[in-house]
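Please work through the exercises below with the sequence and the model open beside you. Each exercise consists of a task sentence followed by a solution that goes step by step.

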Amino acid sequence: MSAARNRLKFAWLEVTGFCNELCDHCYADSSPKGTNGTMTFQDWERTIDQLVGLGALDVQFIGGEPTLYPHLPDLIRHAHGAGLSIEVFSNLTHVRDHLWAIFTDCGVKLATSYYSDSAKDHDTVTNLRGSHRRTRRNIQKALSLDIPVRGGVVAVREGQRVRAAAKDLVDLGVGAVGGDRTRAFGRASRGAAPTIADLCGHCAHEKCAIGPTGDVWPCVLGRFLTMGNVRETPLADIWCGARMAEVTAGITAVHGEGAQSCTPPQFLPMCGPCGPCVPSVGHCDPRGADAPVEAATIGSPA
């Protein structure tokens, strides 16, 4: 697909690989040992400006845990001032008071992962004691401030209460609850090599991801398909470049053109809710629609 027919509308901005949780299924392999990479604040500012120049509408700040990135407030303000719609994908365990004010002032939306209505089960997944209590409390606080929240229920363990988790989110007032099958990337791969076949197939269609070192990927899961680096090459040249065309052709060859008709709402604020994904924790990937819900998982850094 040509760049003219494939306008860049959305970008994940993975500002850090540092996270206070250590989820076994994290596709980004983020952890307390992660770093903020080599992208400077000025690099991120310039990248946001380039996204706007390409006609982007939405960005999602993600990690790692983006609320732990020291320049997140300034980047939110910059993106907001540039006219972008903003979502922050956070585990919502560590939201400082000044961030709430920035979220409301800049019209920020939030997204989070939620593993169970049981604190014990949730904390077992995150490997962080007290994470369920803090995440749930901050979901409630966000909603009390009229901040929109999306929830992703990620089934990673046998017997996990995924349906109860989805119901808990809905009962709290979360407007969209999604899920997906396991995709073997990062720690979730258990050492297996990543493959295009395990992507959803919508990667690089109107969207890209940019990592902490400036690498540009077709999506946050497709980080093994680097298309360029914004510290070395203008984003417009990467988006219209030969490597981008090669990656897109490779994804289409595996998934076919029709794969672009469905995207996982757990990750994309640009996508509206679509049944049966919301709120039943069904499948966004049509090929997995007949699989048991308890096997429907997706790795998440949050």
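**Exercise 1. Determine which elements make up the β-α-β unit that contains β4, and what handedness the unit has.**

Step 1. Strand β3 (residues 85-89), helix α3 (residues 97-105) and strand β4 form a β-α-β unit that is right-handed, a crossover being called right-handed if, with the strands pointing away from the viewer, the path from the first strand over the helix to the second runs clockwise. Helices (H or I, at least four residues) and strands (E, at least two) are taken as DSSP runs and numbered from the N terminus.

Step 2. The model is a predicted one, in which local features need pLDDT of at least 70 and side-chain atom pairs count only at pLDDT 80 or more, whereas totals for chains, interfaces and linings use all residues. Residues are numbered from 1 along each chain as its sequence is written, and side-chain values use heavy atoms, with hydrogens and water left out.

Step 3. The strands β3 and β4 run parallel and are joined by three bridges, and within this pairing F89 stands opposite A111 in β4.

**Exercise 2. Find where β4 pairs on with β5, and explain why β4 is largely enclosed by the rest of the structure.**

Step 1. Strand β5 (residues 149-153) pairs with β4 in the parallel sense over five bridges, two strands being counted as paired if DSSP finds at least two bridges between them. In this pairing, L110 stands opposite V149 in β5.

Step 2. Of the six residues of β4 (residues 109-114), five are buried, and therefore the strand is largely enclosed by the rest of the structure; buried means under 20% relative accessible area, exposed over 50%, and partly exposed in between (1.4 Å probe, protein chains only).

**Exercise 3. Give the strand order of the open sheet and state which strands stand at its edges.**

Step 1. The open sheet has nine strands in the order β6-β5-β4-β3-β2-β1-β7-β8-β9, and its pairing is mixed.

Step 2. At the edges stand β6 (176-178) and β9, each of which has a single partner strand, so one side of each is left without a neighbour in the sheet.

Step 3. For β6, three bridges provide a parallel link to β5, and A176 is the bridge partner of R150.

Step 4. In the edge strand β9 (residues 228-229) lies N229, which is buried at a relative accessible area of 9%. The side chain of N229 reaches the backbone oxygen of T213 at 3.0 Å, and, leaving aside neighbours within four places in sequence, N229 is in contact (heavy atoms within 4.5 Å) with T213, G214, D215 and I238.

**Exercise 4. Identify the residues that touch the most other members of the largest nonpolar core.**

Step 1. A nonpolar core is a set of buried Ala, Val, Leu, Ile, Met, Phe, Trp, Tyr and Cys residues joined through side-chain atoms within 4.5 Å. The largest has 73 residues, of which L13, F61, I76, F103 and L110 touch the most other members.

Step 2. Helix α6 (residues 162-172) gives the most to this core, with five residues.

Step 3. Not counting residues up to four places away in sequence, I76 touches F61, I86, V88, I102, F103, C106 and V108.

**Exercise 5. Compare T126 with N127: which is buried and which is partly exposed?**

Step 1. T126 belongs to helix α4 (residues 119-126) and is buried, with a relative accessible area of 0%.

Step 2. The side chain of T126 makes a polar contact with that of S131 at 2.7 Å, where a polar contact is a pair of N or O atoms within 3.5 Å; within protein, one must be able to donate a hydrogen and the other to accept it, and residues adjacent in sequence count only if both atoms are side-chain atoms. Although T126 and L22 are 104 residues apart along the chain, their C-alpha atoms are separated by 5.5 Å.

Step 3. N127 is placed in the loop between α4 and α5 (131-144) and counts as partly exposed at 42% relative accessibility. N127 is not a glycine, yet has a positive phi of about 55°.
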